[in-house]
Each structure stands twice: as C-alpha cells, then as structure tokens.
Amino acid sequence: QVQLLESGGGLVQSGGSLRLSCAVSGLTFSNYVMGWFRQASGKEREFVASITWNGFKTDYSDSVKGRFTISRDNAKNTVYLQMNSLKPDDTAVYYCAAKFYPGTNIDRFRRVSEYSLWGQGTQVTVSS
C-alpha cells in the first residue's frame with residue numbers, strides 16, 4: 001500500500017533550522033509531483049512548497065520563499081524540506097503530499113485538492 005511518512009519535526013528556537021523528510025513507498029515516486037503543506041492550529045491547510053517529478057522546477061509560497069528549500073532524491077523515494085530562519089509563525093503540522101503528474105508543462109500545484117496522497121504530518125514548533 002502507498003505510504004508517505006514524514007519525519008524531522010520538533011521544537012526549535014526562532015532563527016533556527018529544521019530539515020523535514022518524507023519517505024514514500026508503494027508507488028512509482030518519479031511519476032509524482034511532491035508538495036509540502038502545513039496547518040496551524042485553528043487554520044486551514046496551506047501550501048508551502050512543491051517540486052516536479054524530475055526536481056527541475058520548484059514553487060514556494062511567498063511566506064517561505066528564500067527561507068525554505070524543497071528537494072527530492074528519486075533514488076531514495078524521499079522528498080525534503082530544509083527550513084531556515086524559522087519564525088514562530090511557521091509553527092504548524094507539516095504534511096507531505098503526492099500528485100500524479102509525470103509531465104513538465106505545468107509547474108504550479110498549490111491547491112490541497114490537487115493532491116491525492118497525504119502523510120500523517122509532523123509537528124514543527126518554533127519558540128520566540
């Protein structure tokens with residue numbers, strides 16, 4: 001069965017860094033766009049970053065652009081989110097998600113509804 005398993009969350013001070021990982025199994029990883037989303041308490045789930053199947057194109061929300069970096073290793077079936085200069089507003093449960101799209105014409109996938117597969121989430125807490 002398909003499984004997306006996030007790891008790497010935790011408690012960090014403002015200005016610190018964390019690296020999230022999402023290990024994927026049960027599908028052909030290189031056929032999928034991978035995304036990271038987050039959901040703060042009492043708020044809707046929001047887009048953070050995405051990466052095309054070949055890693056050539058990435059997309060970021062304005063709130064994390066320049067601080068976060070998404071990457072993937074298709075040999076390891078894993079997607080990463082390097083988070084630097086963390087702020088208290090980054091506190092949320094972070095989810096990885098997969099969307100079947102082995103193409104290259106579209107490089108913007110920001111809607112929750114576009115992704116059919118989701119992990120269970122990992123908590124990131126940034127203290128001030």
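Leaving aside its neighbours within four places in sequence, which residues is Asp-90 in contact with? In this predicted model, Asp-90 is in contact with Arg-38, Arg-67, Phe-68, Ser-85, Val-124 and Val-126 once those neighbours are set aside.

Asp-90 belongs to the loop that runs between strand E8 (78–83) and strand E9 (92–100). The relative accessible area of Asp-90 is 2%. Because this value falls under 20%, Asp-90 is classed as buried. Two links made by the side chain of Asp-90 were computed. One is a polar contact of 2.8 Å with the side chain of Arg-67. The other leads to the backbone nitrogen of Lys-87, which the side chain of Asp-90 reaches at 2.8 Å.

Asp-90 also takes part in the lining of the largest pocket. The space in this pocket amounts to about 180 Å³. The lining further includes Arg-38, one of the residues in contact with Asp-90. Pro-88, Asp-89, Thr-91 and Ala-92 are also among the lining residues, as are Gln-39, Ala-40, Lys-43, Glu-44 and Glu-46. By residue type, the lining consists of six charged, three nonpolar and two polar residues.

A further position considered is Arg-111, located in the loop between E9 and strand E10 (117–118). Arg-111 has a relative accessible area of 54%. Since this value is over 50%, Arg-111 is classed as exposed. In sequence, Arg-111 and Gly-35 are 76 residues apart, while in space their C-alpha atoms are 9.9 Å apart.

Notes:
Residues numbered from 1 in each chain as written. Predicted model: local features only at pLDDT ≥ 70, side-chain atom pairs only at ≥ 80, totals over all residues. Heavy atoms only, no water. 1 Å grid on protein atoms, 1.4 Å probe; cavity = no way out; pocket = protein on both sides within 12 Å on 5 of 7 lines; lining within 4 Å. Points joined across faces, edges and corners; volume = space filled by probe spheres on them. Nonpolar A, V, L, I, M, F, W, Y, C, P; charged D, E, K, R; others polar. Helix = DSSP H or I, 4+ residues; strand = E, 2+ residues; numbered from the N terminus. Buried < 20%, exposed > 50% of the residue type's maximum accessible area, 1.4 Å probe, protein only. Polar contact = N/O pair within 3.5 Å; in protein donor to acceptor, adjacent residues only side chain to side chain. Contact = heavy atoms within 4.5 Å.
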